[in-house]
Amino acid sequence: MSKKAKVLFSKDFAIAKVDERLYGSFIEHLGRAVYGGIYQPDHATADEDGFRGDVLELVRDLRVPIIRYPGGNFVSNYFWEDGVGPVAQRPRRLDVAWRSTEPNWVGTDEFARWCKKAGSEVMMAVNLGTRGVEDAMNLLEYCNHLGGSKYSDLRIAHGAKEPYNFKVWCLGNELDGAWQVGHKTMQEYGRIAAQTAKAMKMFDPNIELVAVGSSSAGMRTFPEWEAKVLDLTYDCVDYISLHQYYGKRKEDTPNFLAKTLEMEHFIKTVVATCDYIKAKQRSKKTMMLSFDEWNVWYHSNADDEKIMKNQPWQVAPALLEDLYTFEDALLVGLMLISLLKHCDRVRMACLAQLVNVIAPIMTEQNGAAWAQPTYYPYLHVSNFGRGVALQPVLSCGKHDTRDFTDVTDIDSVAVYDEESSALTVFAVNRDLEDAIAFDVDLRDFPGYRLVEHISLTCDNLLQRNSATSQAVAPKKEQTGVLDNGLYQTRLQKASWNVLRFAAK
Ligand code: AHR
């Protein structure tokens, strides 16, 4: 008998309005993300600022609302002053995090200009690894003050008359990790984060600050780190960060595709920890979450180690250039669904990263920019997932995997855009063998019709794309049957699906 699933979406079961910054991304001075990625003056498509036009085009299509910068591990020993002013006078620096040489051809001003062209906001990170309060304040003054002070006048002298008014600032990066330059205990980090946050908010109370949370749910200090750090910073920060990457190492695909159960457990634990500190401090404020590094990451690990060990101190070495497969795209789709299901508390998130480095967009040095399989679920959710997220009332089969029990064969969520009345259902069929008959109960959306059913499917779970082949690319599915408020269709085995409905 064929497999069946049913989902009901109703405006009465709203999760929250999606903060569009849930679809953020990340550019770090790492590998070929900046040099050879967004910036390559000798490329055929380069504009007057040296930015690759082909990359900008792919980024604009993604409608990335906010981009974290300049790191990452890189930021923990970054001297932002090196990256401003006349390029010819900028020093070359050793970046110990990635054992590379940073030429500082691109810095704060260039990145702000690139983001403007890309239609994105900047999420700026300050160095709390080797530096502290003073440095963060100077950078904030450089970026956000109108003029008439040392650093704001410096920015104006560098050609940027108007302040950038960056709204979101990260108070360092992964300082719980032993690999981080300036690695700190939770007590040390909580103190420096609180001091920096207070000083930055004295300058501009309207900025939003992100405190560093755990580098992954697997950290030995998780979730004690969150509890301690929030206890010291609760009043003066607005978000706590989460980072998580998943890799498929010695496991099978069903277990890999079930990793979002762990991701959701991670989110729920951080929410519970935030709410515990809220109760402890008798606070009225609810702490929000910034999932500002998430992705699949494992293909390049061995090569990266070799490059950093045997050929260190290159400018823009090819690091973290994961070539993603179709099944990685399915997990990215599932992770996006998980973020949407928790968007009442996860207000911002960054797909890490955007170009060349564990990225949906890759570039050839003398050739084209191209989309990895993971580009597509991100493209769909960013474009069609704006509005109010709706809780799925889902009934479907379940299965067990090596590490997980009761994994639903399907995962799904919907977003309803009040302005345009559009309703979009996102769904992944995790079943690798069979298509599943999928009934979508739309009785709360009378008169709606299907606009299109887009899917990502592939017979080979390990299929990749390249500069010359888009073997994994979206296609249109046949329209199903809509009868009496029930839309009946099929989700192909191992598939990513976008069902777009509109009011007639
Ligand atoms: O995104 C790659 C790296 O992953 C970042 O630099 C770091 O923050 C994380 O460990």
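**Exercise 1. A salt bridge between D238 and K201**

Task: In this predicted model, find how far apart N and O are in the salt bridge of D238 and K201, and state which parts of the chain the pair ties together.

Solution.
- Step 1. Start with the contact. The side chains of K201 and D238 meet in a salt bridge, with 2.8 Å from N to O.
- Step 2. Check the distance against the cut-off. A salt bridge needs a Lys or Arg side-chain nitrogen within 4 Å of a carboxyl oxygen of Asp or Glu.
- Step 3. Place the residues. K201 sits in helix α5 (residues 186–203), and D238 in the loop between α6 (224–233) and β10 (239–246), so the pair ties together parts 37 residues apart in sequence.

**Exercise 2. A salt-bridge network**

Task: Locate K117 and E48, decide whether each is buried, partly exposed or exposed, and name the network they belong to.

Solution.
- Step 1. K117 and E48 form a salt bridge, and their closest N and O atoms are 3.1 Å apart.
- Step 2. This pair links distant parts of the chain, 69 residues apart. K117 is in helix α2 (residues 108–118), while E48 is in the loop between β3 (24–26) and α1 (53–62).
- Step 3. Apply the cut-offs: under 20% is buried, over 50% is exposed, and values in between are partly exposed. K117 has a relative accessible area of 22%, so it is partly exposed. E48 has 69%, so it counts as exposed.
- Step 4. Widen the view. Salt bridges with shared partners join D47, E48, D49, R113 and K117 into one network.
- Step 5. Count for the whole structure: it holds 29 salt bridges.

**Exercise 3. Two arginines**

Task: Describe the partners of R21 and R386, and say whether R386 is buried or exposed.

Solution.
- Step 1. R21 forms a salt bridge with D19, with 2.9 Å between the closest N and O atoms. Both R21 and D19 are buried.
- Step 2. R386 lies in the loop between α11 (375–384) and β15 (388–390). Its relative accessibility is 16%, so R386 counts as buried.
- Step 3. The side chain of R386 makes a polar contact of 2.8 Å with the side chain of E20. A polar atom of the R386 side chain also lies 2.7 Å from the backbone oxygen of S382.

**Exercise 4. Around the ligand**

Task: How many residues surround the ligand, and how much of its area does the protein bury?

Solution.
- Step 1. The ligand is surrounded by 13 residues. The closest are E28, N73, E174, Y245 and E293.
- Step 2. List polar distances. An N or O atom of the E28 side chain is 2.6 Å from a ligand oxygen. For N73, a polar backbone atom is 2.9 Å from an oxygen of the ligand. N173 has a polar side-chain atom 3.0 Å from a ligand oxygen.
- Step 3. Turn to area. Alone, the ligand exposes 280 Å², and the protein buries 95% of that.

**Exercise 5. Unusual backbone**

Task: Where does the backbone show cis peptide bonds, and where does phi turn positive outside glycine?

Solution.
- Step 1. Know the background. Most peptide bonds are trans, and most residues other than glycine have a negative phi.
- Step 2. The bond from Y69 to P70 is cis, with omega near 0 degrees. Another cis bond joins G71 and G72, with omega about 15 degrees. P70 lies in the loop between β4 and β5, and G72 is found in the loop between β4 and β5 too.
- Step 3. R63 is not a glycine, yet its phi is about 50 degrees. R63 is in the loop between α1 and β4, and with 39% relative accessible area it is partly exposed.
- Step 4. E174 has a phi near 40 degrees. E174 lies in the loop between β8 (168–170) and α5, and counts as buried at 8% relative accessibility.

**Exercise 6. Enclosed helix, open surface**

Task: Why is helix α3 called largely enclosed, and which residues form a nonpolar patch on the surface?

Solution.
- Step 1. Helix α3 spans residues 133–144 and reaches 16 Å from its first C-alpha to its last.
- Step 2. Nine of its 12 residues are buried, so the rest of the structure largely encloses α3. Among them are D135, A136 and L139.
- Step 3. On the surface, L94, V96 and W313 form a nonpolar patch with about 270 Å² of accessible area together. V96 is partly exposed, at 42% relative accessibility.

How values were computed: Residues numbered from 1 in each chain as written. Predicted model: local features only at pLDDT ≥ 70, side-chain atom pairs only at ≥ 80, totals over all residues. Heavy atoms only, no water. Patch = residues over 30% accessible without salt bridge, like charges linked within 9 Å, V, L, I, M, F, W, Y side chains within 5 Å. Areas by Shrake-Rupley, 256 points an atom, 1.4 Å probe, with all protein chains shown as cover. Buried < 20%, exposed > 50% of the residue type's maximum accessible area, 1.4 Å probe, protein only. Near = heavy atom within 4 Å. Polar contact = N/O pair within 3.5 Å; in protein donor to acceptor, adjacent residues only side chain to side chain. Helix = DSSP H or I, 4+ residues; strand = E, 2+ residues; numbered from the N terminus. Expected span 1.5 Å × (residues − 1).
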